[in-house]
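Biologist: I would like to learn how to read a few features of a protein model, going slowly from strands to helices to ligands. Could we work through them together?

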Amino acid sequence: MSTPPFADIDSLRALCREPALSDPIAINQIAEREATLTKPAGSLGRLEELTSWLGAWQRRSTPRLERVQTIIFAGNHGVAAQGVSAWPSDVTALMVQNFRNGGAAINQLSRYAGTTLTVETLEDLRPTADFTQTAAMDDETFLRTLTRGFNAVSPETDLLCLGEMGIGNTTPAAALSAALFGGDGKEWAGRGAGNDDDAMLRKISAIDRALELHRSSFADPLQIARRLGGHELAAIMGAVIAARMHGIPMLLDGFVCTAAVAPLYVLHPEGLTHCRISHCSAEPGHIRLATLLGQKPLLDFGLRLGEASGATLAVPLIRAALACHTGMHTFAEAGIAG
Ligand SMILES: Cc1cc2ncn([C@H]3O[C@H](COP(=O)(O)O)[C@@H](O)[C@H]3O)c2cc1C
Ligand SMILES: O=C(O)c1cccnc1
C-alpha cells in the first residue's frame, strides 16, 4: 500500500484545495481534430464535450478506454438503528457476497460495459457510530477509510466508475447535502431502497436531529464528511481525490456517491471537474445536488439502485463518444468541401 500524501485532516484539506491538472494542449488538439470531422460543427452535442473531457484529464490528445474500472465501496451505518431503511443492515454483507458471486445488477452492467469490477468492504462492515448521538467517525477512522479509497485506484486506469453498497446510506447522503447546502430532512430525504411513510418519518427525524447536533461544525466540509458521512462515503471521497491527482476521468453514480464527494466541491470549485455525474437518480435530492454542483447528469433512466450501476451504464456512451472522435473521417479524407 502506498502512503497517501496526507497525514491528517489539515493536510488533506490543503491537498483538496490544490489546483486541478487537466491538460489544455490535449483540449486544443481534440478541438482541432473535431472541427475537421465529416459533420456539422457541434452536431454530436455532448458526445464532443465528453471526448474533450477524457483527453483533458488523461492528458492525451487521443484518449484511451482500455482500462475501465468499476469500484464498489461497502459499509454499514449506525444510524440504521433508527429504522431509516426498509432493509436490515445484514443485507450489506449479503449483497457483497452477491457481487462476488456475479449475481447483482452491477455484475451484468460491468460485463456489458467492459469494466473491471472490484468490491472493497470497509472496516469489516462494522457500522459507523449513530450520527444522531455522536460523530459517525473519529478522525482516525475517517482518514483510514478515506485512505482505503485513495489506494484502491490504480494510476493506470483510463476511466473510473464509483459506487457504493450500504444499507441506510441514503440517510447520510441527505444529511451531508443539507449540512453543505442548507435545508432539512424533509427537503433532502427520499425513499431510498423502498421506505414506506413511517420509515420516511423516522429518516427525516434522524436527519434533523443530526443536523441540530453537528451544526457547529458546518463551516468545514471535511468535518461534515466525518461527522455525517460513512465509511464507504469516505472511501469514495478518497478515490476521487486519487483520481484527480493521477489524471483519471471519473463517472459518479447516484445520490449517495455524489453526496459523498460534494464536500470536495465546497472546498474547491474545481474539485470535481474530473468527474461527470453519470445519471440522475430517482432519489429526489440527486438532481438538486447535481445542479448545485454545476453538473447535468448524462443519463436519466429512473435508476435508484447505487452499486455504481448508473456510472457503469454510462460507459458505453463514453466509448461511443471516443469511437466517433477517433474513427470518423475528415472532410479532406472524404473529399467533401468543408
Ligand atoms: C437488495 C438491495 C440491493 C441494493 N443495491 C444497492 N442498494 C442501495 O440501497 C441502499 C440505500 O438505501 P437505504 O438508505 O434506503 O437503505 C444502499 O445499500 C444502496 O447501495 C441496495 C439495496 C437493497 C435492499
Ligand atoms: O441514487 C442512489 O445513490 C441510491 C438510490 C436509492 C438507493 N440507493 C442508492
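Modeller: What follows is a walk through a predicted model, taking one feature at a time.

Biologist: Which way do the side chains of strand β2 point?

Modeller: In a regular strand the side chains alternate between the two faces of the sheet. In β2, residues 116-121, one face carries L117, V119 and T121, which are buried, while T116, T118 and E120 point to the other face and are not buried.

Biologist: How many bridges join β1 to β2?

Modeller: Strand β1, residues 68-74, runs parallel to β2 and is joined to it by six bridges; within this pairing, I72 has V119 of β2 as its bridge partner, and V119 is one of the buried residues.

Biologist: Turning to helices, is α10 mostly covered or mostly open?

Modeller: An α-helix has 3.6 residues a turn, so residues three or four places apart point the same way. Helix α10, residues 221-228, is mostly covered, with eight of its eight residues buried, including P221, I224 and L228. The buried residues pack against several other helices, among them α1, α6 and α12.

Biologist: Which residues come nearest to ligand 2, and which element gives the most to the shell around it?

Modeller: Of the 14 residues around ligand 2, the nearest are G254, F255, V256, S281 and G306, and α12 gives the most to this shell, with three residues. By class, the shell has five nonpolar, six polar and three charged residues.

Biologist: And what surrounds ligand 1?

Modeller: Ligand 1 is surrounded by 18 residues, the closest being S85, T170, G192, A193 and G306. The elements giving two or more residues to that shell are α4, β3 and α7.

Notes: Residues numbered from 1 in each chain as written. Chains lettered and ligands numbered in written order. Predicted model: local features only at pLDDT ≥ 70, side-chain atom pairs only at ≥ 80, totals over all residues. Buried ≥ 20, exposed ≤ 12 C-beta atoms within 10 Å, placed from the backbone. Helix = DSSP H or I, 4+ residues; strand = E, 2+ residues; numbered from the N terminus. Contact = placed C-beta atoms within 7 Å. Near = placed C-beta within 6 Å. Nonpolar A, V, L, I, M, F, W, Y, C, P; charged D, E, K, R; others polar. Pairing = 2+ DSSP bridges.
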